[in-house]
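Welcome, and thanks for taking a look at this one. Here is a short tour, from the whole chain down to single contacts.

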Amino acid sequence: MAWALKLPLTDEVIESGLVQDFDASLSGIGQELGAGAYSMSDVLALPIFKQEESNLPPDSENKILPFQYVLCAATSPAIKLHDETLTYLNQGQSYEIRMLDNRKMGELPEITGKMVKSIIRVVFHDRRLQYTEHQQLEGWRWNRPGDRILDLDIPMSVGMVDPRANPTQLNTVEFLWDPSKRTSVFIQVHCISTEFTMRKHGGEKGVPFRIQIDTFKENDGGEYTEHLHSASCQVKVFKPKGADRKQKTDREKMEKRAPQEKEKYQPSYETTILTECSPWPEVTYVNNSPSPGFNSSHNSFPVAEGNGSPSHQPEPVVQVADNLLPTATPQDAQQWLHRNRFSPFCRLFTNFSGADLLKLTREDVIQICGPADGIRLFNALKGRVVRPRLTVYVCQESQQAREQQQKHENGDTASNTFFVYHAIYLEDLTAVELTEKIAQLFNISPRQISQIFKQGPTGIHVLVSDEMIQNFQDEVCFVLDTMKAETNDGYHIILK
């Protein structure tokens, strides 16, 4: 379904934008093919965030793009003709991005009447910062705890469905939208360009960012993983009102130039048209795993518990160790990183097998991932288990009595008898936690345990409290006895 651009854009603006994009696509042709155009290090370090014509399909100039994204912010007039446009934004200000259906009649019929998913992200434009993206974002997170780099202004947005923001991806938001309906999303960028400069003494030239939008359609499995279109634009973000002042300064500088000099620069367009680029390479962004929504509420999931009868006994929880094996393939290693909350580093370790990761030293991992995540990854690779705060050994009194009786019947002396104890590991040091662990040991529901008592002096029964557990000695031993509760069908547990 093709529909016209129902926007307050003049024909001159749209036409000038198209001419600008065509001129930009021709820039550099014949210049990059000369001898010595690229060194080997440049070839190996091609940017993944910056738009590159060489990454696009060969027939891209003849292809009608299915979508068009328009950022409602003026471009700078101080940009040369064949350079990419640059748009100035104010920190925290809401800017509209119009999501336009640009398909011809009958094109992509499989998405007609269906939703598509778009992911908007703010990334670095400079190659130097692209290589240290994770460290840069982690540093920003430490300096601005609780803040996000990119947000959606939901009340102002139109046609957007199911907006989501992953708390671990501060620079990314995603949503669903219907191409046949009017859709405008408003974004807010909260970081400023000078926060990522090498020197921060004031007056530095801020680094440019890229706003990139990737759109996906639904596959047969109901996941939005089939790529449709990607586009991006270059922006700089200033403190509030700073973008307006910078735009005014650029305009005044251009007015002072000679007419022949002005011809070398682009005019300032009222809006910024995002130009086609390669899709974002990080596969973790395009999966269909649930991420926290903006308006999501905390849901509690009740645990099904049995009534203690043999047919309704709950299954004990089995803790499966997820250790990375040296025989793991690179694909297995990627899945292990995902399962253990190391998704941001999957791209760095794309070709690493299990043996490659396990050979890394502590210093290597810290240098690659930073101190916090590096230590966490190193401990996970080595399979280090955190020691529990309190260990308690327990033995059932009925089992102890049976074993003693069996020993005597066989003529064994009491000195040769031994009893099997079970270890209970406590982290919270609460009576509730002890109740749950004992219930798991007996393979019953925690609700069937009414109270837990400790046998004190002269045989008195003392109610076990959180404070009492916190004063238990580590590796203390108890014999468990059960007593029928008077008020219900539960049991009292006595620690002897």
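A residue is called buried when its relative accessible area is under 20%, exposed when it is over 50%, and partly exposed in between (1.4 Å probe, protein chains only). By that yardstick, 41% of the 496 residues in the protein chain are buried. Please keep in mind that this is a predicted model: local features need pLDDT of at least 70, side-chain atom pairs count only at pLDDT 80 or more, and totals for chains, interfaces and linings use all residues. Residues are numbered from 1 along each chain as its sequence is written, and side-chain values use heavy atoms, with hydrogens and water left out.

**The chain as a whole**

- The protein chain holds 13 helices and 18 strands; these are DSSP runs, numbered from the N terminus, with helices (H or I) of at least four residues and strands (E) of at least two.
- About 28400 Å² of the protein chain is exposed, and carbon and sulfur atoms supply 53% of that area; accessible areas come from the Shrake-Rupley method with a 1.4 Å probe, and for residues only the protein chains shown count as cover.
- Among contacts (heavy atoms within 4.5 Å) in the protein chain with a separation of 6 or more, 72% join residues 24 or more positions apart.

**Nonpolar cores**

- In soluble globular proteins, nonpolar side chains tend to be buried together.
- A nonpolar core is here a set of buried Ala, Val, Leu, Ile, Met, Phe, Trp, Tyr and Cys residues joined through side-chain atoms within 4.5 Å.
- The largest core has 41 residues, and Leu71, Leu89, Ile97, Ile120, Phe209 and Ile211 have the most contacts inside it.
- Strand E10 (residues 224-238) gives this core its largest share, 5 residues.
- A second, separate core has 21 residues, including Leu426, Ile449, Met468 and Phe478.
- Beyond its neighbours within four places in sequence, Phe209 is in contact with residues including Val122, Phe124, Cys191, Phe196, Cys233 and Val237.

**Strand E3 and its partners**

- In strand E3 (residues 95-101), 7 of its 7 residues are buried.
- Tyr95, Ile97, Met99 and Asp101 point one way from E3, while Glu96, Arg98 and Leu100 point the other way, and all are buried.
- Strand E1 (residues 67-71) pairs with E3 in the antiparallel sense over 5 bridges; two strands count as paired if DSSP finds at least two bridges between them.
- Across the pairing with E3, Tyr69 stands opposite Met99.
- E3 also pairs with strand E8 (residues 183-189), in the antiparallel sense and over 5 bridges.
- On that side, Glu96 stands opposite Phe186 in E8.

**Salt bridges**

- Side chains of opposite charge can pair when their charged atoms come close.
- The structure holds 16 salt bridges, each being a side-chain nitrogen of Lys or Arg within 4 Å of a carboxyl oxygen of Asp or Glu.
- Asp214 forms one with Arg121, and their closest N and O atoms are 2.5 Å apart.
- Because Asp214 lies in strand E9 (residues 209-218) and Arg121 in strand E4 (residues 116-124), the pair ties together parts that are 93 residues apart in sequence.
- Asp214 counts as buried, at 1% relative accessibility, and Arg121 counts as buried at 1%.
- Asp373 bridges to Arg376, with the closest N and O atoms 3.5 Å apart.
- Asp373 and Arg376 both sit in helix H10 (residues 371-381), 3 residues apart, about one turn of the helix.
- Asp373 is buried at 14% relative accessibility, whereas Arg376 is partly exposed at 26%.
- Glu110, Lys217 and Glu226 are linked in a network of salt bridges.

**Around Tyr425**

- Tyr425 is found in strand E14 (residues 422-426) and, at 46% relative accessibility, counts as partly exposed.
- The C-alpha atoms of Tyr425 and Thr391 are separated by 4.7 Å, although these residues are 34 apart along the chain.
- Leaving aside neighbours within four places in sequence, Tyr425 is in contact with Pro388, Leu390, Thr391, Glu433 and Lys437.
- Lys437 and Glu433 meet through their side chains in a salt bridge (3.9 Å, N to O).
- Lys437 and Glu433 both lie in helix H12 (residues 431-442), 4 residues apart, about one turn of the helix.
- Lys437 is partly exposed, with a relative accessible area of 27%, whereas Glu433 is buried at 9%.
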